[in-house]
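Here is a brief report on fold and charge pairing. Look over the sequence and the coordinates before reading on.

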Amino acid sequence: MEIKNRIKRACIIDDDPIFVYGIKRIMNEIDFCDEIIVYANGESALNELGSLVQEGKKLPDVILLDLNMPVMDGWVFLDDFVKIPSHNQEHLSLYLLTSSINPSDIEKAKNYPIVNNFISKPVTISDLKHMLKELV
Amino acid sequence: MEYLFVVLENKTSVLNNLFTTDFIKTAPISVAILDKNLCFTSYSKIWLKEFNIKEKKIVGKYYYDVIPNTPERLKRVHQKALQGKSSNITAQRFIDLNGNIQWLKWKVDPWNDYEGNNAGIIIFAEDITATTRKKELLKKAENISKIGGWELDLATHQLHWTAATKKILEVANEYIPKTNEDINFYKEGEHREKIAKLIDNCINKGESYDEELLIITALGNELWVRTKGEAEFHKGRCVRIFGTFQDIDSEKKNELKYKETAERLKVATNAAKIGIWEFDIAKDISVWDEHMYKLYGIDKDGFDGSDAAWRSMIHPEDRERIRTEEKMVLNGEKDLNHTYRVVWPNGDIRHIQSSAKLLKDENGSPLKIIGTNWDITAIKEANLKYTEVAERLKIAANAAQIGIWEYDFTNDSHVWNDQVYELHGVKKEEFAGGYEAWRSLIHPEDQEKTKIEEEIVMKGEKDLDHNYKVVWPNGNIRHIHAKAKLLRDEKGNPFKMIGTNWDITEIKEAEEELRKLLKVTNEQNNNLLNFAHIVSHNLRSHSANLSMLSSFLVNEENEEERKNLIKMIDEASSGLNETVQHLNQVVHVKTNVNGNMAPINLYTALKNVEKNISTLFKKKEVICEIDVPKSHNLKAVPAYLDSILLNLFTNSVKYSAPNRQPQIMVSSKIEGNKVVVAFSDNGQGIDLDRHGRKIFGMYKTFHGNEDAKGIGLFITKNQIEAMNGKIEVESTVNVGTTFNLYFDAN
């Protein structure tokens, strides 16, 4: 895996605009990455990312995925996302975000190898800093 | 005889003529004189008798004619005598004319005439048959009885033993004992000392003796002998002692063995405390051993041995019965074997077992009864206790409704107590028993599993412990629990099964209730947990946002940005508020049902809601068909019913298909005690494969609709379930959706 100084592209898939605003603000504060993409629900994210792969373009380096979204929640997104044939997926780090404290969610996450880690909202600066350390 | 012979020899010539007179004829001995030709010249009458000669006149007759059986040896002796040689034969066996055996003693001498010339021979004969025979018999008797004789001549100090004695002592027949040698044959120690003393007494005091002692034979064998001795006195002094000597070895040994056996018997009866008694019927006397007294609790002097005395010790209540049984014994019908109580002098009562045999005399009349007694008080008490316990068990089993049963493999039979019949719903008189008959009572569903359990038990892996259902003749189904133990014989084959049964129907039914309750509780718990998670999630989302925004606000200096942040704070706090309200609603539904249920007419309720929503219907050009019988009434909380119907109507409008006119149809039917309301529309439909599980979940939305909070159906479901109903959905994407609602009918 190539070691980078910073993350090029981060993707946030979350329907809560307030949360998205907040996390973007924190990312900018710590210079988390070059580019941030936001999708409001799983369906649109899946479509967009799917076309990226089809066009041969690079996928984002980091995906922060919220579990509780309308139309298509995080689990359904994951189920479909892992089916997309992609050579880029090893370079991709995916984090699950949720306010949920349901232990069964944590257990379920273990069934998806693509999931790096589970992060509980509220997301703090230290969480992001830690993430940076891990990825860079 | 010798005296006579001397006389004859001297006075030959003178007496020659005399011999032809009656002198010889009447001689008291058996004598005959023959001439040189061995013809009789004279003879005594006794001679005729001796030889059993019938002829009266034998003078001049040839000897061998008269006595034809003369042995050759004798003839030679006669010849020799003619030549002058005497002969003296002490004993000769002789068979006379009649076939009798005779033993004769002969003396044959030459007979000279008065001139001294040989004139013939003179024969003296003595019949010693009797004595010889006696001797022979005595010898034979000696041999048979193994009694030998002995004699000690005190004058000559000669010790004489008969052949039998020598045989006993295992010395040679020719052996001649030395004086006092006999004593040394006795076993050293007390036996030898004894015989020495006895002989001494015999000689000195004339005391006869008769003693059984041990000897060591010449060959070293130990032998028991009976030695008798007596003395013969002459002029105050002992001249000889004599007696018999008998081999009693086998008899003695038998005697000793008998004594040993008797001793053992004594020990045994002692240990077993068996009393032995004998009753002489004629004399009316019983003889008791020491144990008998103990059994009856009396001293030896306390019992005179009479029948009456014994009978008085028997318990009064048992006397009659004993008499009856004794009669049967005396009649020879059976041996005595019975029990009875005796009363001791101190008042104690003991149970005695008596066993006896009747002895008869040669004529067959009762002579004696010999028998045994022993104390069975302990056994009797144990038996009583056992009976008591068995009774108690019966009562307990009855009270506890426990069935106790026994199955005998060898003859396929059952022994059931009353409860087992009750448990299986059969009557004692009607149930044949046997394995198949019992099996026919078992519920078909449990036939298999009971067979399997039995197999395991027969293999010896465990005791029987299972439950099964039985079907009573009247159709009732009862649950029975069975526990049993398998008993095997010495070869390891099953021969009996003993077990218990009890009814667990109520328990089983309670279990079933409990299980259902548990299921419901579990479901409800899960719901609650889910609910808690959902709520906490939503609360957390909003509160997390609030804290995040306010921390930004604190550090924000840009006025534009501050306005933005404040607006977002406002949004977040509204969201929080709304969540709390939803929470309230749901909690309210969950807790507030029972008191508010009322009978409601479905048609009326539907029409009402339709009216309230008429503006929306008009706007959206909704066609609404209500095809509900006016007779259908249901039990519901009015507010909830309204809320449910409203929610479904508005959903149908919200999710109507964009390219067609919304159509809603409501119908109802009765199913059992439920009213089933079908609510159909022709809207967008829901992909149940993808969303089926979540459709009634909280905050779950699928269509990206702006208005969709995802809470409507959640509340609807809670409301209908709170009223003991349920809601189901069928849907096809782009065709339409149908909700089926189940209400309690009124």
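A salt bridge here is a side-chain nitrogen of Lys or Arg within 4 Å of a carboxyl oxygen of Asp or Glu. The model is predicted. A search of the whole structure finds 45 such pairs over all chains.

Three of the salt bridges in chain B are listed here.

| Acid | Base | N to O distance |
|---|---|---|
| Glu278(B) | Lys368(B) | 2.9 Å |
| Asp280(B) | Lys283(B) | 3.9 Å |
| Glu406(B) | Lys496(B) | 2.9 Å |

Take the pair of Glu278(B) and Lys368(B), a 2.9 Å salt bridge. This pair links distant parts of the chain: Glu278(B) sits in strand S11 and Lys368(B) in strand S15, 90 residues apart. Glu278(B) is partly exposed, at 30% relative accessibility. Lys368(B) is also partly exposed, at 24%.

Is Asp280(B) buried or exposed? Asp280(B) is buried, with a relative accessible area of 18%. Its partner Lys283(B) is exposed, at 60% relative accessibility.

Glu406(B) and Lys496(B) pair by a salt bridge at 2.9 Å. Strand S16 holds Glu406(B) and strand S20 holds Lys496(B), 90 residues apart. Glu406(B) counts as partly exposed, at 27% relative accessibility. A network of salt bridges with shared partners joins Glu317(B), Asp318(B), Arg321(B), Glu325(B) and Arg341(B).

Now chain A. Five helices and five strands make up its elements. From the N terminus, they run β-α-β-α-β-α-β-α-β-α. Chain A has 136 residues, and 55% of them count as buried. Among its contacts with a separation of 6 or more, 71% are between residues 24 or more positions apart. Chain A exposes about 6600 Å², 50% of it supplied by carbon and sulfur atoms.

Terms used. Residues numbered from 1 in each chain as written. Chains lettered and ligands numbered in written order. Predicted model: local features only at pLDDT ≥ 70, side-chain atom pairs only at ≥ 80, totals over all residues. Heavy atoms only, no water. Helix = DSSP H or I, 4+ residues; strand = E, 2+ residues; numbered from the N terminus. Buried < 20%, exposed > 50% of the residue type's maximum accessible area, 1.4 Å probe, protein only. Contact = heavy atoms within 4.5 Å. Areas by Shrake-Rupley, 256 points an atom, 1.4 Å probe, with all protein chains shown as cover.
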